[in-house]
Amino acid sequence: MSFFRRLGFRAKEDELMDDFSMGGEELREALRHLRRLNKIFAAPGPTVSGVEKLWNSMGRPGRLTILDVGAGSGDVNHKLLQWAKKQGIDMQITLVDLTEEACEEARQLFQDEPRVRVQCSDLTALPDAVADIVTGSQFIHHFEGDQLVDMVNHMLRASRYGVVINDIHRHTVSYKAVWITTRLISRNRYIRHDGPLSVAKGFTDQDWQELKQRLNHDTMTYEWRPLFRYSVVIPHKRGVIS
């Protein structure tokens, strides 16, 4: 992955993690290294911010169920659980991923956490309204065009109140920062290839505006969050954000 790359449009190349014929210990190592990257780049913040916004609009209920799709090892949810405890919320989180490697990493990471369960499943196969809020962190940048719209609509379908998306700002600074950092912390080819490519497949204000129009969701909001991420909230049209 070149250090110099044009970022005017979202990249279309597949990430290595999109090839489900691969995997094994190399993928599990990549998931562990990805947790380090998430800490360095403050990955949990946009998810917590978005969930809090949606929770406030719901009337601040004392119980909240979360479904995190494309969760990987689910590490961003540690901060969400801490936030819930501070607010006095009885929170239950289900982590969903397609790959057994990710599910096993998540099981180990949360083995002593009764508020979290792990499910190997496809988002498109999940029941309707299975959780209050469906979240996706660094998930939807894997899709484009009609497939992107379909995936977000499946997230909405699986939620009772709405969706929170946490994804990457496509920007020269974030691209170069990730390119350098991945080479400093890891020799894993998933990390070195997919890390910068994830930024190149990320979003700008214009991309979110286009998605909002295609979803026909006037209540969708998004805001830039450190470090070079977006927090996107999409409530159901019946309206939980006034």
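**Exercise 1. A residue in the core**

Decide whether Ile 191 is buried or exposed, and then place Ile 191 in its helix and list what it touches.

*Solution.* The relative accessibility of Ile 191 is 3%, so Ile 191 counts as buried (under 20% relative accessible area; exposed is over 50% and partly exposed lies in between, with a 1.4 Å probe and protein chains only). The model is predicted, so that local features need pLDDT of at least 70 and side-chain atom pairs pLDDT 80 or more, while totals for chains, interfaces and linings use all residues. Residues are numbered from 1 along each chain as its sequence is written, and side-chain values use heavy atoms, without hydrogens and water.

The next step is to locate the residue: Ile 191 belongs to helix H7, residues 189–200 (helices of at least four residues, H or I, and strands of at least two, E, are DSSP runs numbered from the N terminus). If residues up to four places away in sequence are set aside, Ile 191 is in contact (heavy atoms within 4.5 Å) with Ala 30, His 33, Leu 34, Leu 37, Thr 182, Ser 186 and Pro 196. Leu 34 stands 157 residues away from Ile 191 along the chain, yet their C-alpha atoms are separated by 7.1 Å.

**Exercise 2. A covered strand and its partners**

Describe how far strand E1 is covered, and work out which strands it pairs with and in what sense.

*Solution.* Begin with the covering: strand E1 spans residues 63–69, and six of its seven residues are buried. Turning to the pairing (at least two DSSP bridges), E1 and E2 run parallel and are joined by seven bridges, with Leu 67 bridged to Thr 94 of E2. E1 also runs parallel to E4, to which three bridges join it, and here Asp 68 has Thr 135 of E4 as its bridge partner.

**Exercise 3. The buried side of a helix**

Identify which residues of helix H4 are buried, and which elements they pack against.

*Solution.* Helix H4 covers residues 100–109, and its buried residues are Glu 101, Ala 102, Cys 103, Glu 105 and Ala 106. Their packing partners are helix H1 (25–40), strand E2 (90–97) and strand E3 (116–120).

**Exercise 4. Ring against ring**

Count the aromatic pairs, and classify the one that Phe 139 and Phe 143 make.

*Solution.* Rings of Phe, Tyr and Trp (its six-membered ring) pair if their centres lie within 6.5 Å, planes under 30 degrees apart being stacked, over 60 edge-to-face and the rest tilted. By this rule there are seven aromatic pairs. In the case of Phe 139 and Phe 143, the ring centres are 5.2 Å apart and the planes stand at 75°, so the pair is edge-to-face. Tyr 222 and Tyr 230 are also edge-to-face, with 6.2 Å centre to centre and 65° between the planes. Accessibility completes the picture: Phe 139 is buried at 12%, Phe 143 is buried at 15%, and Tyr 230 is buried at 6%. Finally, Tyr 222 and Tyr 230 join Phe 203 and Trp 208 in one aromatic cluster.

**Exercise 5. Backbone in the loops**

Find where the cis peptide bond involving Leu 227 lies, and state what is notable about phi in Ala 129 and in Asn 216.

*Solution.* The cis bond joins Pro 226 and Leu 227, with omega about -10°, and Leu 227 sits in the loop between strand E6 (221–225) and strand E7 (229–235). Ala 129 is a residue other than glycine, yet its phi is positive, near 50°; it lies in the loop between E3 and strand E4 (131–137), and at 32% relative accessibility Ala 129 counts as partly exposed. Asn 216, likewise not a glycine, has a positive phi near 60°, and its place is the loop between helix H8 (205–215) and E6.
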